[in-house]
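Reader: I should like to learn how to read the features of a protein model, one at a time. May we begin with the way a helix lies on a sheet?

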Amino acid sequence: MGNSTESVITDYLVRIITRDGSIRALACVTTDLVGEACRRHGTWPTASAALGRAMTGGALMGALLKTGQRVALRFEGNGPLKKVLVEADANGAVRGCVGNPEVNPLREDGKLDVAAAIGHAGLLTVTKDLGLKEPYTGTVLLYTSEIAEDLAYYLTDSEQVPSAVGLGVYVEPDGAIAAAGGFLIQSLPPCNDELVDRLMARIGAMPSVTELLRQGKTPEGLLDHLFEGIPFDTLEKRALAYVCSCSRERIERVLVSLGHDDLASLMNEQGGAEVTCELCRERYSFSREELQRIVDEMMSGEAC
Ligand SMILES: [Zn+2]
């Protein structure tokens, strides 16, 4: 089990399909899980917005997978944030981190400049573990570095599924996450051009996702807004949460992989080990005695 810290479920995702079967859409609210990630990583506002958008995008893409499958997003650019990593699965678990949390570029109008944080030159790499022998990996150049457009570009260009993505994170002046969420719309074959045109016009005319969320719009409300007058069926509603798959057992396996000599020096020189999970900042402490037990188990394992 991962170390889920959410007890009250407030983040969730809704998936719909138009009655003619030509458009599928997902919308979600991720305020709590983004807030949790930003607290854990100590991100400054623009880094929070970048991480929050990427995690929301990951949640949306994870919802398109089957049980047991996972998706990882890696935004890597020439900006001070260095990278954003996100992992999500089909069960609504999302985790993520940034290369440098203490980054806060602002635009001239005072808004958070996510593109400057990530950098205008770079790559988006999407890795999908579909339970096959090899994971599927697709890479595209960063398009606008605003994250939503980059994901839409990836889905349309690399996966050949025409897609529109909207993501929003509202960061309070004190750094708290007031609202986060987004939507993903995909055109399925055979394409209904007229409906796609209608939706694109509506997306172009709608207020930002951040603004809609701050008005209190739920995922259902976002979809009602986008699909007003277009008949659709709701396929599912699922909870989302910040969950990391790290555990004491997994960290122990990492320690074992260090080998006997490194473990012995940790024991003797530092009197123990403290290991921090990169993706959730959870700290795992191992005392000298625990390290000794791991070494003893290694030695007896080797004797077999
Ligand atoms: Zn972790």
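Author: Certainly. One needs an axis for each element: axes are lines fitted to C-alpha atoms, for helices over the stretch in contact, and angles run from 0 to 180 degrees between N-to-C directions. In this predicted model, helix H4 (residues 148-157) lies across E8 and E9 and runs at about 160° to E8.

Reader: Which sheet contains E8 and E9, and in what order do its strands stand?

Author: Two strands pair if DSSP finds at least two bridges between them. Here five strands form an open sheet in the order E8-E9-E2-E1-E10, and the pairing is antiparallel. E8 and strand E10 (232-239) are the edge strands, each pairing on one side only. Direction ignored, neighbouring strands of this sheet are turned by 10° against each other on average.

Reader: How many bridges join the pairs E8 with E9 and E2 with E9?

Author: E8 and strand E9 (residues 177-187) are antiparallel and share nine bridges; within this pair, Leu167 has Gly182 of E9 as its bridge partner. E2 and E9 are likewise antiparallel, over seven bridges, and Ile23 stands opposite Ser187 in E9. H2 also packs on this sheet, where it touches E1, E2, E8 and E9; its direction makes about 140° with that of E8.

Reader: What links E8 to E9 along the chain?

Author: The two strands form a hairpin with five residues between them. In the turn, Gly175 has a positive phi of about 95°.

Reader: Is strand E8 enclosed or open to the surroundings, and why?

Author: The count to consider is that of neighbours: a residue is buried if 20 or more other C-beta atoms lie within 10 Å of its own, and exposed if 12 or fewer do. Nine of the nine residues of E8 (residues 163-171) are buried, so the strand is largely enclosed by the rest of the structure. Both of its faces are covered. Ser163, Val165, Leu167, Val169 and Val171 are buried on one side, and Ala164, Gly166, Gly168 and Tyr170 on the other.

Reader: Does Gly21 count as buried or exposed, and why?

Author: Gly21 counts as exposed because it has 12 C-beta neighbours inside 10 Å. Gly21 is found in the loop between strand E1 (12-18) and strand E2 (23-29). The C-alpha atoms of Gly21 and Ser187 are separated by 9.2 Å, although these residues stand 166 apart along the chain.

Reader: Let us turn to the other sheet. In what order do its six strands stand?

Author: This open sheet has the order E7-E6-E3-E4-E5-E11, and its pairing is mixed. Strand E7 (136-141) and strand E11 (241-242) are at the edges with a single partner strand each, so one side of each has no neighbour in the sheet.

Reader: How are E3 and E6, and E6 and E7, joined?

Author: Strand E3 (residues 70-77) and strand E6 (residues 122-129) run antiparallel and are joined by eight bridges. Leu73 stands opposite Val126 in E6. E6 and E7 are also antiparallel, with six bridges, and Lys128 stands opposite Tyr136 in E7. E6 and E7 form a hairpin with six residues between them, in whose turn Gly131 has a positive phi of about 85°.

Reader: Which helix lies across E3, E4 and E5?

Author: Helix H2 (residues 45-62) lies across E3, strand E4 (83-89) and E5, and runs at about 30° to E4.

Reader: Which domains does the chain have, and how many of their residues are in contact?

Author: The domain assignment gives domain 1 (12-242) and domain 2 (248-303). Their C-alpha centres lie 37 Å apart. Five residues of domain 1 are in contact with four residues of domain 2. On the side of domain 1 that touches domain 2, helix H1 (31-41) and strand E5 (93-98) are the elements that give two or more residues. E5 provides the largest share, three residues. The residues of that side divide into one nonpolar, two polar and two charged.

Reader: Finally, how does one describe the chain in its entirety?

Author: One may begin with its elements: the chain has 10 helices and 13 strands. Of its 304 residues, 43% count as buried. For a chain of 304 residues, a compact globule would have a radius of gyration near 19 Å; the chain has 21 Å, which agrees. Taken along the principal axes, its C-alpha atoms fill a box of roughly 70 × 45 × 40 Å.

Terms used:
Residues numbered from 1 in each chain as written. Predicted model: local features only at pLDDT ≥ 70, side-chain atom pairs only at ≥ 80, totals over all residues. Domains from an automatic or database assignment. Contact = placed C-beta atoms within 7 Å. Helix = DSSP H or I, 4+ residues; strand = E, 2+ residues; numbered from the N terminus. Nonpolar A, V, L, I, M, F, W, Y, C, P; charged D, E, K, R; others polar. Rg over C-alpha atoms; globule rule 2.2 N^0.38 Å.
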